[in-house]
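Work through the exercises below with the sequence and the 3D structure side by side, and try each task before reading its solution.

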Amino acid sequence: SLLDKKVLEVGSGRGGGSSYICKYLRPKSNVGIDISKEAVNLCNSKYQNNNLSFSFGDSEQIPFEKNSFDVVINIESSHCYGNIPLFLSEVKRILISGGFFLWADFRKPKEMSFLFDCFIKSGLIKIRDKDITFNIINALQRLSHIREKKIKKHIPKILQPVFMSYAGVKGTGVYNSFLDNKLIYKSATFKNPG
């Protein structure tokens with residue numbers, strides 16, 4: 001439960017995840033950090049909640065003191081990071097002893113194996129991990145028609161294929177990579193032993 005916990009989301013993007021957490025899971029506080037100043041500004045203007053805030057921050061130099069958070073969340077962001085071991089050492093540093101790291105993202109199978117080696121070497125203890133690729137495929141199937149329609153309406157024709165693939169529209173490279181097991185999507189929970 002996140003009730004009354006101090007939560008940090010690393011890679012908060014447009015803020016939907018952090019906003020959901022505040023609205024339904026009622027943490028004591030929730031801070032979202034992102035490398036994009038534009039995304040941070042958008043979030044701060046869009047979401048008005050006393051226990052929710054957004055600030056600029058780098059995943060490899062998280063701008064908070066040691067032992068600042070009960071829970072760190074990282075969803076579909078870590079595949080963009082240049083130095084995963086450094087990111088994980090930062091997560092471990094800012095988590096309290098006994099704090100939790102909640103993670104979900106995708107990788108190629110060999111990259112996923114390397115990533116989980118990095119998790120273990122970081123000193124975080126794996127509580128659980130789950131392959132959720134099937135769930136992702138189902139979600140993409142359900143959303144494909146809506147996403148395709150919006151892209152065709154709002155994006156210039158020359159850029160539509162790129163947006164379709166990024167959105168995982170059925171039949172695109174990203175979608176097919178999940179279907180063909182070239183990409184795996186996992187979620188995992190880790191604990192900071194202290």
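**Exercise 1.** Which helices each supply at least two residues of the lining of the largest pocket?

*Solution.* Keep in mind from the start that this is a predicted model. Going along the chain, the helices to mark are α1 (16–25), α5 (133–154), α6 (160–166) and α7 (173–179), each of which supplies at least two residues of that lining. Among these, α5 gives the most, with 8 residues.

**Exercise 2.** Describe the space and the lining of the largest pocket, and then do the same for the second largest pocket.

*Solution.* Rolling a probe the size of a water molecule over the atoms shows where empty space is left. Begin with the largest pocket, in which about 1300 Å³ of space lies; it is lined by 31 residues, and those closest to its centre are R14, E76, R147, Y166 and A167. Sorting this lining by class gives 16 nonpolar, 9 polar and 6 charged residues.

Turn next to the second largest pocket, which holds about 170 Å³ of space. Its lining consists of 13 residues, with I35, G57, S59, S77 and Y81 closest to the centre, and the division by class is 5 nonpolar, 5 polar and 3 charged.

**Exercise 3.** Determine the order of the strands in the open sheet, and find its edges.

*Solution.* The sheet has 7 strands, and reading across it gives the order β3-β2-β1-β4-β5-β7-β6, with mixed pairing. The edge strands are β3 (52–56) and β6 (125–131), because each of them pairs on one side only. From one strand to the next, the twist averages 15°.

For a closer look at one pair, take β5 (residues 95–107) and β7 (residues 184–191), which run antiparallel and are joined by 8 bridges. Within β7, the residue that stands opposite F101 is F190.

**Exercise 4.** Place helix α3 relative to the sheet and relative to helix α4.

*Solution.* Start with the sheet, on which α3 packs by touching β1 (6–10), β4 (69–75) and β5, and note that the direction of α3 makes about 150° with that of β5.

Two packed helices are described by the angle between their axes and the distance between the axes. For α3 (residues 84–94) and α4 (residues 109–121), the axes come within 9 Å and cross at roughly 35°, and the crossing is right-handed. As a last step, list the residues that make the contact: α3 contributes I84, P85 and L88, while α4 contributes L115, C118 and F119. By class this contact has 6 nonpolar residues, with no polar and no charged ones.

Technical notes:
Residues are numbered from 1 along each chain as its sequence is written. This is a predicted model: local features need pLDDT of at least 70, side-chain atom pairs count only at pLDDT 80 or more; totals for chains, interfaces and linings use all residues. Side-chain values use heavy atoms; hydrogens and water are left out. On a 1 Å grid over the protein atoms alone, a cavity is a set of points where a 1.4 Å probe fits but cannot get out, and a pocket is an open set with protein on both sides within 12 Å along at least five of seven lines; lining residues have an atom within 4 Å of a point. Grid points are joined across faces, edges and corners, and a volume is the space filled by probe spheres set on the points. Helices (H or I, at least four residues) and strands (E, at least two) are DSSP runs, numbered from the N terminus. Ala, Val, Leu, Ile, Met, Phe, Trp, Tyr, Cys and Pro count as nonpolar, Asp, Glu, Lys and Arg as charged, and the others, Gly among them, as polar. Axes are lines fitted to C-alpha atoms, for helices over the stretch in contact, and angles run from 0 to 180 degrees between N-to-C directions. A crossing is left-handed if the near helix is turned anticlockwise from the far one by less than a right angle, and right-handed if clockwise. Contact means heavy atoms within 4.5 Å. Two strands pair if DSSP finds at least two bridges between them.
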